[in-house]
Amino acid sequence: MRKIFLQIGATRDGQNPYCAVAKREGYFTVLAEMGDFVDYQSLSIQLPFDLIVRLDRPENPWDVLQACLRAGLLEHPQVVLAGFEAYNTSAGRVRELLAGPDAGPSFIPPDKYAQRMALRKAWPRFPQPEFRFFASPLSIRDARDALLYPCVIKPVDGGGGLGIWLVEEASQLDAVIGKLVETMNYGGRGFSGFIVESWLPGDEYSLQGVVDNGHAVALTCCQKVIEHHIDAEGCISFYESGHVAMAAQQLPAAFASLMSFCCETFGYRQGAFHIDFIMVNGEPHFLEMGFRLSGMGVVNLVEEVTGINWADVAFQIEAGRGLPVLHFPEQPQTIGRLRLRQRLQFDAAERWIAEHQRGQLLPPLNLPALAVSPRSSLYADLTRHAGILATFRLAADSRDDVLAVFQQILDVPSLAPRRDLLCAE
């Protein structure tokens, strides 16, 4: 009987780390993904899976299983994982269905609102932004006088920064709501709801790690590089443009406490995770937890900094082999990666590399910028993941050195307006 690995959803950064590990371990590898996205990504890369199962709704676990049967996959997969955040819940439900009723409930990843509510009810309480839930964009507009400004609006089940807006004052709300009404989730779906939270000034971080039988281990701690885009109507959106990574073998006590507390509170006992938080007055404030490998090439960044293959470790845990012995480097370096979306940024990075004889411009995943309707199943992917010119990679002795260079690259004239609030941190 052959071993089968099923990945629900393709990665959006073009990396396929789970597939590589599974092939090395002798698994027959299967990808379940929207046919439109398979065709689109195949314009740039050759997907390495042994079988690609096309379906309209990878977010529906029943549709995934039915599509696999129609494709001739008669055996049950032994390992089922999500390749992209939008399909995390589907992967959890598929694992639950395959395990059967006698296995007990499987872990189903909670959305952003469920995470916030769980932390609010838990004790001791970790700080987080003040937040409210809304079922639709129009209900947010109706509550304009009850909101605290500045605030951040984000979908509870989005991904890749899709649909996240900063609203500085009530006069900007109508324009943002208009955009949210027209914004579709990945696959052309609607959003399940929205969180409106208080905007907090501070530096954003992310922990990358694994948990095995409830024991959480951090591999890296990244400081994020957040880029803000101001459109013609003055609306401010967010792009997570880069990460500066450090090995996490000496994790600050507050970070380690947050990591363990999140895994325990959410009941997450097995698999990969990343936890996003913001430092305010020296204290971590929880933002969200992802129950998967990070995107944006962070898997490669983790291995560059630690020498540890994050996907390999997570796969071994999911396959029931437990947590292997981890060896961190004695003298780890700091490495950052910054995605460049504008020609001015690209030129500035090229000049900096030539002047200092350091750093690299890594070629992008060359996804074409197609013109599609906002109702297209590809619209979210095209607006969030296409159009990257290059990735600027830089190694240095300290995090601050890398961040200073990245900020210099991003701070080109076209990005200068209205940075008083954005740089208040």
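Modeller: Quick ground rule before we start: helices (H or I, at least four residues) and strands (E, at least two) are DSSP runs, numbered from the N terminus. By that count, P150 sits in the loop between α6 (137-142) and β6. The model is predicted, so local features need pLDDT of at least 70 and side-chain atom pairs pLDDT 80 or more, while totals for chains, interfaces and linings use all residues. Residues are numbered from 1 along each chain as its sequence is written, and side-chain values use heavy atoms, with hydrogens and water left out.

Biologist: What makes the peptide bond from Y149 to P150 worth a stop?

Modeller: That bond is cis, with omega near -5 degrees. Most peptide bonds are trans, and most residues other than glycine have a negative phi.

Biologist: Which phi does N213 have, then?

Modeller: A positive one, near 55 degrees, and N213 isn't a glycine. N213 is in the loop between β9 (203-212) and β10 (215-230). Q357, also not a glycine, has a positive phi of about 55 degrees, in the loop between α11 (343-356) and β15 (360-362).

Biologist: Why is N213 called exposed?

Modeller: The cut-offs are under 20% relative accessible area for buried, over 50% for exposed and partly exposed in between (1.4 Å probe, protein chains only). N213 has 58%, so it is exposed. Q357 has 66%, so it is exposed too.

Biologist: And why does K154 count as buried?

Modeller: Its relative accessibility is 8%, so K154 lands on the buried side. K154 is in strand β6 (residues 151-155). Leaving out residues up to four places away in sequence, K154 touches, among others, K112, R116, E197 and E288; touching means heavy atoms within 4.5 Å.

Biologist: How do you know that K154 makes a polar contact with E197?

Modeller: The two side chains come to 3.2 Å. A polar contact is a pair of N or O atoms within 3.5 Å; within protein, one must be able to donate a hydrogen and the other to accept it, and residues adjacent in sequence count only if both atoms are side-chain atoms. So 3.2 Å fits the limit.

Biologist: Why are α1 and α10 called oblique?

Modeller: Helix α1 (residues 17-24) and helix α10 (residues 310-318) have axes that come within 9 Å and cross at roughly 60 degrees. Under 35 degrees is roughly parallel, over 145 roughly antiparallel, 65 to 115 roughly perpendicular, and the rest oblique. The pair is therefore oblique, and the crossing is right-handed (the near helix is turned clockwise from the far one by less than a right angle; anticlockwise would be left-handed).

Biologist: Which residues meet there?

Modeller: P17, Y18, V21, A22 and R24 of α1 meet A311, D312, A314, F315 and Q316 of α10. They split into seven nonpolar, one polar and two charged. Nonpolar takes in Ala, Val, Leu, Ile, Met, Phe, Trp, Tyr, Cys and Pro; charged takes in Asp, Glu, Lys and Arg; the others, Gly among them, are polar.

Biologist: What covers the buried residues of α1?

Modeller: The buried ones are P17, Y18, C19, V21 and A22. Their cover includes α10, α9 (298-306) and β12 (270-280).

Biologist: What makes I278 in that strand β12 buried?

Modeller: I278 has a relative accessible area of 4%, so it is buried. Among its contacts beyond four places in sequence are L200, P201, H285 and L287.

Key:
Axes fitted to C-alpha atoms, helices over the stretch in contact; angles between N-to-C directions.
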